[in-house]
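Work through the two exercises below with the model open beside you, trying each task before reading its solution.

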Amino acid sequence: MKKGIIAAVFVGLSSMQVQALEDSNVGVGVNYGLLSGPTLEINYVISPMLQVRGSFSSGMGMSGHQKEDNIDYKVDQDGGINRIAFDYHPFAGNFFVSAGYAQNNVKFDMNAFSNGETVTLGNEDFVTKNANLNGKAEWDNGATLTLGWGHSPAKGWGGMVEFGAIFTGATKVNLSGTGEISKNGTDYNLASDPTALQALREEEKKIQDDVSSVDVFPIVQLGLNYRF
């Protein structure tokens, strides 16, 4: 439903741009943002003090490692952030404050392989047997609030810098696995055994508790724009 609302707003914005081309009220921009990565923006001036802006991004594509309970996860970030925002220029100049809504596609994929190592899942220690652990952390869409400079030249080229936040809500974590874990000589299949699945749910909760405070994403954007 939320994605449908975002799509409908962007369609409406696109239809406004056709008329705007004749009025020279439309602008385009390219910038780079923290988490959002490469971003294309389209904006439309409603008045000297107000404009509406749509942003489409592809994500940064970061990779790294994170160790949890003796499990070495390879972590990959994927997904961008699409936004619709209204920029208010209180002095009809370059400074603006902005409020809007973001379709947040950012997620972190966690993958780990372990064989013959002792790891902690939940509150118990197990020995792994060709075990693959796969996790995902993701967030909801949310409201945005930013302030910045630029992005509204009267005509021609201009610069833009923007700082703020997306209020995403708490992190959602999902953890699954394949292969086996062993305890006291008994093997448990990670994909189907109730004992293994319970251990995964407990570990999933521990990770979720560790990252539950991450409920706001920073917005840091820097780029160029052009007003027709």
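Two exercises follow, one on a surface patch and one on a cavity. The model is predicted, so that local features need pLDDT of at least 70 and side-chain atom pairs count only at pLDDT 80 or more, while totals for chains, interfaces and linings use all residues. Residues are numbered from 1 along each chain as its sequence is written, and side-chain values use heavy atoms, with hydrogens and water left out.

**Exercise 1.** Identify the residues that make the nonpolar surface patch, and place Phe91.

Solution. Step one is the membership: Met49, Tyr88, Phe91, Phe95, Val97, Leu147 and Trp149 make a nonpolar surface patch of about 690 Å². Step two assigns elements (strands are DSSP E runs of at least two residues, numbered from the N terminus): strand 7 (95-104) and strand 11 (142-150) each supply at least two residues of the patch. Step three turns to Phe91, which sits in the loop between strand 6 (81-88) and strand 7 and is exposed, with a relative accessible area of 68% (exposed means over 50%, with a 1.4 Å probe and protein chains only).

**Exercise 2.** Describe the largest cavity and its lining.

Solution. Begin with the volume: the largest cavity (a set of points on a 1 Å grid where a 1.4 Å probe fits but cannot get out; lining residues have an atom within 4 Å of a point) has a volume of about 80 Å³. Next list the lining, which includes Leu34, Glu41, Arg83, Ile166 and Gln221. The elements giving two or more residues to this lining are strand 2 (37-47), strand 6 and strand 15 (216-227), and strand 15 contributes the largest share, 3 residues.

Methods
Patch = residues over 30% accessible without salt bridge, like charges linked within 9 Å, V, L, I, M, F, W, Y side chains within 5 Å. Areas by Shrake-Rupley, 256 points an atom, 1.4 Å probe, with all protein chains shown as cover. Salt bridge = Lys/Arg side-chain N within 4 Å of Asp/Glu carboxyl O. Helix = DSSP H or I, 4+ residues; strand = E, 2+ residues; numbered from the N terminus. Buried < 20%, exposed > 50% of the residue type's maximum accessible area, 1.4 Å probe, protein only. 1 Å grid on protein atoms, 1.4 Å probe; cavity = no way out; pocket = protein on both sides within 12 Å on 5 of 7 lines; lining within 4 Å. Points joined across faces, edges and corners; volume = space filled by probe spheres on them.
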